[in-house]
Each structure stands twice: as C-alpha cells, then as structure tokens.
Amino acid sequence: MNYRRLGSSGLKLSELSLGAWVTYGGQVGEEVAVKCMSRAYDAGVNFFDNAEAYADGNAERVMGNVIKKLGWRRESIVVSSKVFWGGEGPNDKGLSHKHVFEGCRNSLKRLQVDYLDLFFCHRPDPNTPIEETVRAMDDLIHDGKILYWGTSEWSAADIMRAHGLAREHGLTPPQMEQPQYNMLHRDRVEKEYLPLYREIGLGTTIWSPLASGLLSGKYNKGVPPGSRATLEGYEWLKENVVTPQNIAKAKQLEPLTKELGCTMAQLALAWCLKNPNVSTVITGASRPEQVNENMKAAEVAGKIDSSLLEKIDSILGNRPRPDRD
Ligand code: NDP
C-alpha cells in the first residue's frame, strides 16, 4: 500500500481506504464489517470513513465496535466522520455551531474514540454563515476533539471563502474536500478545484469510485440480486446511475482489462489513483471478497500509462476542458 499526504498537511492516508455508506450497519451487519475492515487493514488501509447520517448513526456504532474488537492501535488508523444530517429536530442538522459541536460529540460516542482525525461538513449549509462553521470547527480542534476539518461537495468558491475567513481571523482553515470522483463524474476534481490544490494545499478523499458499483461491470448484464441498485431506498440508482448510456461505457472499457490482466473494478479504482490530486480513494464493499479484489487496484495503477489513459478518455468522452480566457 502506498501512503499519500492529505494535501499540504503532514497526515498520510493509505491511497485506498474504506467507507461505511450504505453498507455497515445497514445493508450488512457487524460480522461482515469485521471481515471487510480487517482485510482492508491487513492490506495496509489506515483510513476508515464514516458520517453521522450513515444508517442513522448505526454505521458509526458498527465501525466503533469493530475497531474495539480488533484492538487496533489508535495511532495506526485515521477515523473520520461528517456532520450535517444528524436527525429531524431543527437543530439536529446543518452546520450551526450547536449542531457541529453536538454532532461531533455524538459521533465520538458512537465510534468509541476520543477524537476524530478528520471531520467533514457533509454539505454546504445555506442557513448558517460560513464564519460560524469555521469557528465551530476551530473550537473542536482546540478542544482536541478533531485534528483536521474539511468539506464535502462544497463549491470551490465556498471553500476559498472558508479558507479566507479562517486566515483573516486566525482560525484553522479547511484542509480537505470529499467530492464524488469516478470515470463518469470528473468536473469538480479535475477542473473546479484545480486552483485550490496549488493555492491552499487542498487534499481530496474521493467517494463512489465505482459509481456505486456500476464501474465494476456488475450491471452490464442486468441488475444482479442483492446488489446496491436492488436495495430499498436506492431506487434512484436505476434512474441516475445504472443507465443504458453508463452501461454502454462500462462495456466499452471492458476489453482494456484484458490488456492489464485485471478486473473492471480494479481498472476503475486504478484510474482514480492516477490523479495525483486524489489523496485517497474511498472504496466501499458489501463483501470481504470485494475488498480483496479492490485492494489490488494499486498494482494495476502502476501498469496504466499515458497512452492507456488517452484510450480511456476517448471511450469516456468526458474529459473536462479548461476554460478559455
Ligand atoms: P463505490 O462506488 O466503490 O461503490 C461500492 C459498492 O460497489 C459496494 O458497496 C458494492 O455494492 C459494490 N462493489 C464494490 N467493490 C466491488 C467489486 N469488486 N465487484 C463488484 N461490486 C463491487 O463506493 P461507495 O459509493 O460505497 O462510496 C465509498 C465511500 O465513500 C462510502 O462508503 C463513504 O464513506 C464515502 N461516500 C461519501 C459521500 C459524501 O457525500 N461525502 C457520498 C457517498 C459515499 P453491492 O455489492 O451492494 O452491489
């Protein structure tokens, strides 16, 4: 496993990491989570991603139990959570000082840890001034509850605003973003955030590298039973992701796996790893076998050269173009 710096920070994250969305505490229980997490850890994964919203807090409970059960040294792992969707009450959501403080306190309890390494604002909150959120995050850092804070799916302009406010008031600026990034979804990471990597040393912990599984090729011959697209509450995947156009692209990419001697999932994950502005690719897995397969993507990345990247670009046809002056 290779380790990459989280942007300009000194923190090192395994380039492949593991997240809990949909899966742990929801689609599958603790027995499966133990197997997936321990296989990832044994392969060198040090970053485990979570959020207060995942399975209404159950994903954090499960990950917390697993971390405890496996007796991992706290120093050997990087644990995250995200705040935004904490519950139904008017102050159980958003990025007010109150909810950021209480959301963090509740996540720490569920994960059974004293501090979070990374804490993300899960979305922008139009109803809270950015300065209030920056101050709340800075307070948590000074209280020793979190080490680094960042955003998820914020615009480059809002990230720069948060950064500027922090600098102006002597507060801690955001260090990382958690955007969606995969072969089908490229603009933010490859274009919108481009100046931020250079100017503020932004790190990225990217999500849905397989587009919820579609880029593993598993939907090429129809929707397999038990897959994410069959789960209650995820019907939108069939409308938005498992579309004939996306499946056609997945099918066109398939022959490239023969050249590389890899699986489709490994190719799609390796493609994300080729972007040097990606600090870590957060994988998801509902089965331990998927973890085994996905963790080999790092070796595949070493075999992808620029001519293959061009071939992939010509199939995808979605490479972001720079703006003209
Ligand atoms: P992926 O796009 O990689 O999808 C993972 C899913 O694809 C698995 O749960 C599994 O689903 C299927 N899969 C994985 N590996 C394979 C394989 N080798 N072969 C076949 N199927 C496979 O990632 P996620 O969408 O799960 O996102 C990863 C993480 O990113 C999340 O856990 C979360 O931590 C984070 N995230 C953050 C978001 C944010 O807003 N900040 C939003 C979404 C995710 P199945 O077997 O059920 O079909």
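1. Thr 205 belongs to strand β9 of this predicted model, and with a relative accessible area of 0% this residue is buried. Its side chain makes a polar contact of 3.0 Å with the side chain of Gln 178. Setting aside residues up to four places away in sequence, Thr 205 also touches, among others, Leu 6, Leu 13, Phe 47, Leu 118, Phe 120 and Ile 282. Glu 177, Pro 179 and Thr 280 are included in that same list of contacts.

2. The strand that carries Thr 205 can be read residue by residue. Along β9, residues 203–206, Gly 203 and Thr 205 point one way, whereas Thr 204 and Ile 206 point the other way, and all of these residues are buried. In a regular strand the side chains alternate between the two faces of the sheet. Because buried is taken as under 20% relative accessible area, the value of 0% places Thr 205 in that class.

3. On one side, β9 pairs in the parallel sense with strand β8, residues 176–177, over 2 bridges, and the bridge partner of Met 176 in β9 is Gly 203. Strand β10, residues 280–283, also runs parallel to β9 and is joined to it by 2 bridges, with Ile 206 standing opposite Val 281.

4. These pairings are part of a closed arrangement, in which 8 strands form a barrel with parallel pairing, in the order β3-β4-β5-β6-β7-β8-β9-β10. Elsewhere in the barrel, strand β6 (residues 116–121) and strand β7 (residues 146–151) run parallel and are joined by 5 bridges, and Leu 116 is found opposite Ile 146 of β7. Helix α3, residues 97–111, packs on the sheet and touches β5 (78–83), β6 and β7, while its direction makes about 140° with that of β5.

5. Thr 280, in strand β10, is listed among the contacts of Thr 205 and is likewise buried, with a relative accessible area of 0%. A polar atom of the Thr 280 side chain lies 2.7 Å from the backbone oxygen of Ser 14. If neighbours within four places in sequence are left aside, the contacts of Thr 280 include Leu 13, Ser 14, Glu 15, Leu 16 and Ser 17, together with Phe 47. Thr 204, Thr 205 and Ile 206 of β9 are also in contact with Thr 280.

6. How many residues surround the ligand, and which are the closest? There are 32 of them, and the closest are Asp 49, Ser 208, Lys 218, Arg 228 and Ser 286. An N or O atom in the side chain of Arg 228 is 2.7 Å from an oxygen atom of the ligand. Backbone atoms take part as well, since a polar backbone atom of Trp 21 is 2.9 Å from a ligand oxygen, and a backbone N or O atom of Ala 211 lies 3.2 Å from an oxygen atom of the ligand. Of the 910 Å² of accessible area that the ligand has on its own, the protein covers 96%. The elements that give two or more residues to the shell are β10 and α11 (288–295), and α11 supplies the largest share, with 3 residues.

7. Two backbone conformations deserve a check. Most residues other than glycine have a negative phi, and most peptide bonds are trans. Gln 112, although not a glycine, has a positive phi of about 55°; this residue lies in the loop between α3 and β6 and counts as partly exposed at 37% relative accessibility. Ser 212, which is not a glycine either, has a positive phi of about 65° and is placed in the loop between β9 and α8 (236–240), where its relative accessibility of 13% makes it count as buried.

8. The loop between β9 and α8 also holds Glu 232, which counts as exposed at 75% relative accessibility. Although Glu 232 and Gln 27 are 205 residues apart in sequence, their C-alpha atoms are 9.7 Å apart in space.

9. Is helix α10, residues 264–273, buried or exposed? Of its 10 residues, 10 are buried, so the helix is largely enclosed by the rest of the structure. Among these buried residues are Met 264, Gln 266, Trp 271 and Cys 272, and the leucines Leu 267, Leu 269 and Leu 273 are included too.

Notes: Residues are numbered from 1 along each chain as its sequence is written. This is a predicted model: local features need pLDDT of at least 70, side-chain atom pairs count only at pLDDT 80 or more; totals for chains, interfaces and linings use all residues. Side-chain values use heavy atoms; hydrogens and water are left out. Two strands pair if DSSP finds at least two bridges between them. Helices (H or I, at least four residues) and strands (E, at least two) are DSSP runs, numbered from the N terminus. Contact means heavy atoms within 4.5 Å. Axes are lines fitted to C-alpha atoms, for helices over the stretch in contact, and angles run from 0 to 180 degrees between N-to-C directions. Buried means under 20% relative accessible area, exposed over 50%, partly exposed in between (1.4 Å probe, protein chains only). A residue is near a molecule or strand if one of its heavy atoms lies within 4 Å of it. A polar contact is a pair of N or O atoms within 3.5 Å; within protein, one must be able to donate a hydrogen and the other to accept it, and residues adjacent in sequence count only if both atoms are side-chain atoms. Accessible areas come from the Shrake-Rupley method with a 1.4 Å probe; for residues, only the protein chains shown count as cover.
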